[in-house]
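Q: I am new to this structure and would like a close look at a single part of it, namely the salt bridges. Please take me through them carefully, one pair after another.

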Amino acid sequence: MVLDITKPKDYIDLATSLSKELAQSAVERDAKAGVPEEEINRLRESGLLPLIVPKQYGGIGATWIDALKIVRKLSKADGSIGQLYGNHLNLTALGHVSGTPSQKEKYYRETAKNNLFWANAINTRDTRLKINPEGENFRVNGVKSFGTGISVADFRVFSALEDGVELPFIFIIPKDREGLVSNQDWDNIGQRRTDSGSYTFNNVLVEKDEILGPANPPDSAFSTFLGIIAQLTKTNVYLGVTKGAFAAAREYLKLLLNRGLHQV
């Protein structure tokens, strides 16, 4: 059967199949840690990266209800990949919620056309990253932690502070931007394959149109959309991980019981 990726049943079936594949090597990959390049390549090959990009911009146009089902399925198989994919879905809508109309169209269209993967180190509690104007553009220097999936991302989202400005700048830079260095310092218990280490910026250029919006008033209901979706996404990651743990525990208990019966 040929799958039609634009139909909910088919892309959910595809995600189920991919989840079963990832589950086979999840423990081994988590123990190895490192960069999740092979996993993101499988997501890219699956066609699921433009899942929530609206159809008018070339995407699949899935609902968030179906998108979160897929996050849950992937998380049940591999918490790292569920986390990375959930973050990616949130970020693909960033230009829509927090950008200008031209940014919204640009990032939706480029994501769908080029099958791009998104990741971030927004983490506004870490204020070490500084941004300063340079003519019409900006330069960024310092360190930013929790760069989840940045190493394999095509679009990379960060936040940085300008001295004397209270609110952080949110900006998007491409993978090939010079001056960004991975510090390879992610040493975690669980979700080791998210590669969520820190990054050092050495005079990194940020062009003026890479600074987001705002397109919506800060106090509008729509401006809160990504915060709500981000929490729902994390909830589905945790739920998927929990379901995976229960399934593994059940299989282990069945194995023990079978061994006990054979010894009687």
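**Salt bridges, pair by pair**

A: With a relative accessible area of 4%, Arg193 counts as buried, because that value is under 20%. This description, like everything that follows, rests on a predicted model. The partner of Arg193 is Glu38, and the two side chains meet in a salt bridge with an N to O distance of 3.2 Å. Glu38 belongs to helix 3, whereas Arg193 sits in the loop between strand 6 (180-182) and strand 7 (199-206), so the pair ties together parts of the chain that are 155 residues apart in sequence. Unlike the buried Arg193, Glu38 is partly exposed, its relative accessibility being 43%.

These two residues also take part in a wider arrangement, for a network of salt bridges links Arg29, Glu38, Glu39, Asp78 and Arg193. Side chains of opposite charge can pair when their charged atoms come close.

Helix 3, which spans residues 37-46, also holds Arg42. Arg42 forms a salt bridge with Glu21, and the closest N and O atoms of this pair are 2.8 Å apart. Glu21 lies in helix 1 (residues 8-23), so that this salt bridge, too, links distant parts of the chain, with the two positions 21 residues apart in sequence. Both ends are partly exposed: Glu21 has a relative accessibility of 36%, and Arg42 has a relative accessible area of 26%.

A further pair is found within a single helix, where the side chains of Asp66 and Lys69 meet in a salt bridge of 3.7 Å, taken from N to O. Because Asp66 and Lys69 are three residues apart in helix 4 (residues 64-77), about one helical turn separates them. Their surroundings can be described in terms of accessibility: Asp66 is buried, with a relative accessible area of 11%, while Lys69 is partly exposed at 34%.

The pairs described here are among a count of 14 salt bridges. To gather the picture, Glu38 and Arg193 connect helix 3 with the loop between strand 6 and strand 7, Glu21 and Arg42 connect helix 1 with helix 3, and Asp66 and Lys69 both lie in helix 4.

Definitions and conventions: Residues numbered from 1 in each chain as written. Predicted model: local features only at pLDDT ≥ 70, side-chain atom pairs only at ≥ 80, totals over all residues. Heavy atoms only, no water. Salt bridge = Lys/Arg side-chain N within 4 Å of Asp/Glu carboxyl O. Helix = DSSP H or I, 4+ residues; strand = E, 2+ residues; numbered from the N terminus. Buried < 20%, exposed > 50% of the residue type's maximum accessible area, 1.4 Å probe, protein only.
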